[in-house]
Structure formats: C-alpha cells, structure tokens
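Here are my comments on the model you sent, set out as numbered points. Please read them with the coordinates open.

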Amino acid sequence: MSAIERLAIDILDQRELQLADRLALLLDDDRWDSGSLIEDIIPIYWEQVGDRLRNLSPGIIYRPLYYVHMFGSLANFRDKTRAFMESISGHLEGCLLSLTPSPPEYGSPPRPFGRLVKRLKSAGVLSDELAGQLWRFNESINVSSKHFDAYMPTNWLDERTFSVKETTYAFLLMRKLSIQLFALLKASGVALPQSWPDFKTEWLTWSREINDNPQLQ
C-alpha cells in the first residue's frame, strides 16, 4: 500500500473513497467524459468578462483549478498524472499562502508548502490535526510530484510517476483539505467568490460519455 493510499484511507470517508474509485474508472478510459465530473466537483474558477473568461481572484487559489480541470479532461490521462498532481498541490499551496499576511495575487516560486504549514501551525492558524494532514499530503504528494526522480522506482523516462488511482485519491484529499482551508480563509476575512459544492450522490454513478458532450466533439 502506497503512502498516498494510506493517507486517503486515514482521512477520507467511505463515500469519498467510492468517488475516488469512480473517478479513477473514468480517467482510465478515454470513452468517458471525466472532465465533466471534475468540473462539477471543484469550485467555479472563472468569470465571464465580455466574450472572454477570466480567472477568479485570488488567482493563487483559483488558477490551479483550471489546470486540474484541464489535465483531468485530456485523453491518455495515465501519461499526465504528475502534472495533475502538481496542479492539485498548487491549489492547496495557494490556500496556504492566502492565509499569510500580504499574500501575492499569483504564485511566485518557490512556494514552500511544508514551511507554510509549519509557519501557520506555529501562528495558531492551523489546528494540529489539519497541519498534520497537510504535512502528510506534502510529503507523499507535493514533494513527490516536484521531485519525481526520488519517487520513481527506476530511471526510465517513460515510467509513469503516479497511478491513476493515486491521483484520484489525491484529488479527493485536495477537496477535503481545501474545504477546511476555505473555512479558515473566510473566517479571516478573505473574500472567496466561489466555494466547494456539497457532495452529490450522483457523482458516485457519473457515466457521461465523450460523445454526450458537444464541446468535446
């Protein structure tokens, strides 16, 4: 059992684990419109301005969700798992940065996920439990997605870094952790134009095919 799977079992409830299974099935088969399910789960990350779409503000929170949706909509997802993981991590990093004084509107490298968790825990912003969960996320998902040579069992460049199932566990972990961070952000006075939708039972049986989505034809 991988560290990601252990983290998911420790943190996610039964419905969330079932949703991870469902999403893995959709992402692993190009016949299914996995992007429509991801789009329904995540907060709306854009707004219409004239005839164009613009990222919602703060960009460090909402911009990574665009990439989560984009990579989760592409064919051959098995070859894009690392980029998907980086986008998931980027969203949580944006939430953590937004809890600090004078956060940037957009991310500026490096974004020290682990140091942010430590700093916010020391300041009493994060509870011990949430900080511990974020720390484990950082070690098993964020660090691994950025330093894949240390994660991969071989040096073959065509070796996939993460399994599809690991990415869906990470996606649901992002949702669970981000919901808690959104609550902290709102309590601290940060204006968040869009929130996470409540869990929908229909997600567990989502079965739209690519051919059912006219935007993908």
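The points below go from the whole chain to single elements and residues.

1. The first point concerns the status of the model and its overall make-up. This is a predicted model, and its chain contains nine helices and two strands. Followed along the sequence, these elements come in the order α-α-α-β-β-α-α-α-α-α-α, with the strand pair placed after α3.

2. As for global figures, 45% of the 217 residues in the chain count as buried, and the accessible surface of the chain amounts to about 11,200 Å², with 49% of that area belonging to carbon and sulfur atoms. If one takes the contacts between residues at least 6 apart in sequence, 70% of them join residues at least 24 apart.

3. Helix α3 (34–41) deserves a closer look in the viewer. It is largely enclosed by the rest of the structure, because six of its eight residues are buried; these are S34, G35, S36, L37, I38 and I41. The cover over these buried residues includes α2 (14–27), α4 (59–73), α5 and α9 (164–187).

4. The two strands may be taken together, since they form a hairpin with two residues between them. Strand β1 (46–49) runs antiparallel to β2 (residues 52–55), and four bridges join the two. Within this pairing V49 stands opposite R52 in β2, while in the turn G50 has a positive phi of about 65°, a value that can be checked directly on the backbone.

5. On the surface, I44, W46 and L53 make up a nonpolar patch whose accessible area comes to about 280 Å² together. I44 belongs to the loop that leads from α3 to β1, and, because its relative accessible area is 41%, above the 20% under which a residue counts as buried and not over the 50% required for exposed, it is classed as partly exposed.

6. Is T81 buried or exposed? This residue lies in helix α5 (residues 81–98), and it counts as buried because its relative accessibility is 2%, under the cut-off of 20%. Leaving aside residues up to four places away in sequence, T81 touches T161, F162, S163, V164 and T167. With F162 there is also a polar approach to inspect, in which the side chain of T81 reaches the backbone oxygen of F162 at 3.0 Å. Among the residues touched by T81, V164 and T167 fall within the span of α9 (164–187), so that the contacts of T81 include residues of that helix.

How values were computed
Residues are numbered from 1 along each chain as its sequence is written. This is a predicted model: local features need pLDDT of at least 70, side-chain atom pairs count only at pLDDT 80 or more; totals for chains, interfaces and linings use all residues. Side-chain values use heavy atoms; hydrogens and water are left out. Patches are made of residues with over 30% relative accessible area and no salt bridge: like charges are joined within 9 Å, nonpolar side chains (Val, Leu, Ile, Met, Phe, Trp, Tyr) within 5 Å. Accessible areas come from the Shrake-Rupley method with a 1.4 Å probe; for residues, only the protein chains shown count as cover. A salt bridge is a side-chain nitrogen of Lys or Arg within 4 Å of a carboxyl oxygen of Asp or Glu. Buried means under 20% relative accessible area, exposed over 50%, partly exposed in between (1.4 Å probe, protein chains only). Two strands pair if DSSP finds at least two bridges between them. Contact means heavy atoms within 4.5 Å. A polar contact is a pair of N or O atoms within 3.5 Å; within protein, one must be able to donate a hydrogen and the other to accept it, and residues adjacent in sequence count only if both atoms are side-chain atoms.
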